[in-house]
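Me: I would like to go through a model feature by feature. Please give the general idea each time, then the case at hand.

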Amino acid sequence: MSGVGAAGGMSGIADTAGVVVVGSGIVGLGAAYAAVRRGLRVIVVDRTDGPSGATVRNFGHLCIGAQAGEARRYADVSRELWLRLARDAGFWLRESGTLVAARQIDEIAVLEEAAADGGIRMLDADELLRVAPLRAEGLLGGAHIETDLQTDPRTAPAAIVRHLAALGVEFRFRTAVTSLTAGRVSTTRGAIDADAVVVAVNHDIDQLLPEIAERVGIVRCALDMMRAAVTLEHPLPAPLLTGWSLVRYGRFADSASAAVLRERLHTERPDLAALDLNQMYTQLPDGTLIIGDSHATAIAPAPFQPEAAFAAFLAEAQVLFEMPAPRVLERWQGVYAKGPQDFLVERGDEGVLVLAATTGIGMTTGLGLAEENLAAAFGWAPAMEGTS
């Protein structure tokens, strides 16, 4: 029997596999899921004791309808996989869509331009106030992005690990990869021979395959985020975006109207622009609110988090929501890979498939990124969807 060992390792470890996946974040889990559904023997290797990076340090917002191009294609595939995994693995997921609050006419213009392509429903201020506990002052209206999902990033990845283990995937946690050669993965717990190897270690690609990271230009993006206890008139029924979000996501950000919005935001609030703010919110099943986030890019971001960012988050939240001051429960630094393109898809010198979402939409696109690219790289037929 395969499964997760009691001490983070494995019992019954084999020395061969059809596919070895390095990394247990959402892209690595997507790779393992794609392989096991095709009847292959899969071993996942991770130096930690479970998903602990960008996959658990995010909003749990699966922002499908705000993507464009390649990202939208991966997001659409991911959506179906998320729904399937939530059903089979038994974790919380809701087909909530996403709400957008617009407080200026240029934000309405961006939403209207995007809504013309479908999948986004415009809301007037009264309708938005009926569903979201926002302050009426200054609210012009907004929109509902219909296809989006929400999950709990702290519980969903672990549930996926348990489900994949039940399907036969072996997880070798607390095991570091020391080298990769053709058909072999050497680790601190021995070598594994494999027909195919997938590296999905996100920003740590510069430690395992530094030549790829340097050539492509992969660095790290560090985020400041927080979770707070809040008292709202009624729960927030979906993730909530703002004008700052509209200048980040591809479906909105590349429009002519977004350029006008960006100029206004940066002129009026250079302090928030300096934080590279994405002002957004998700409410977890326990009622607490995830608030964020800022962005700072470097090869090795400093671990020191400026209090100015958190003060700005709280101030903006109180302007937007009808509520007393939030009580902060946690603050944390998220980190994800950042590159010149949205995705890294590359076959290494040893035939290793390297995958990463190199922008902040890994949870939204990671399952689809893995599914599509493993099938293409290894010539796999579509998975037998009767396999859970």
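The dialogue below takes up confidence, cysteines, empty space and backbone geometry.

Me: What kind of model is this, and how are its residues numbered?

Reply: This is a predicted model, in which local features need pLDDT of at least 70 and side-chain atom pairs count only at pLDDT 80 or more, while totals for chains, interfaces and linings use all residues. Residues are numbered from 1 along each chain as its sequence is written, and side-chain values use heavy atoms, with hydrogens and water left out.

Me: What is the average pLDDT of the protein chain?

Reply: pLDDT is the predictor's confidence in each residue, from 0 to 100. The protein chain averages 93, and 95% of the residues score at least 70. Over residues 1-14 the pLDDT is below 50, yet beyond near neighbours in sequence this stretch has 32 contacts (heavy atoms within 4.5 Å) in the model.

Me: How many disulfides does the structure hold?

Reply: A disulfide is a pair of cysteine sulfur atoms within 2.5 Å. The structure holds 0 of them.

Me: Why does Cys63 not form a bond with another cysteine?

Reply: The closest cysteine sulfur to that of Cys63 is in Cys221, 16 Å away, which is too far for a bond. Burial is a separate reading: buried means under 20% relative accessible area, exposed over 50%, and partly exposed in between (1.4 Å probe, protein chains only). Cys63 is buried at 1% relative accessibility, and Cys221 is buried at 3%.

Me: How is empty space found, and how many cavities are there?

Reply: Rolling a probe the size of a water molecule over the atoms shows where empty space is left. On a 1 Å grid over the protein atoms alone, a cavity is a set of points where a 1.4 Å probe fits but cannot get out; a pocket is an open set with protein on both sides within 12 Å along at least five of seven lines; lining residues have an atom within 4 Å of a point. Grid points are joined across faces, edges and corners, and a volume is the space filled by probe spheres set on the points. A search of the whole structure finds 1 cavity of 30 Å³ or more. The largest cavity has a volume of about 40 Å³.

Me: Which elements give two or more residues to the lining of the largest cavity?

Reply: Helices (H or I, at least four residues) and strands (E, at least two) are DSSP runs, numbered from the N terminus. Strand E15 (280-283), strand E16 (289-292) and H12 do so, and H12 gives the largest share, 3 residues. Among the lining residues are Leu272, Gln279, Phe313 and Glu316.

Me: What can be said of the second largest pocket?

Reply: Its volume is about 300 Å³. Of the 16 residues lining this pocket, Arg103, Trp244, Arg264, Gln279 and Glu316 are the closest to its centre. Helix H8 (243-246), helix H10 (256-268) and helix H12 (307-320) each supply at least two lining residues.

Me: Where is the cis peptide bond?

Reply: A cis peptide bond joins Gly292 and Asp293, with omega about -15°. Asp293 lies in the loop between E16 and strand E17 (296-298).

Me: Which residue between strand E12 (190-199) and helix H6 (205-208) is worth a look?

Reply: Asn202 is in that loop. Its phi is near 55°, a positive value in a residue other than glycine. Asn202 is partly exposed, with a relative accessible area of 21%.
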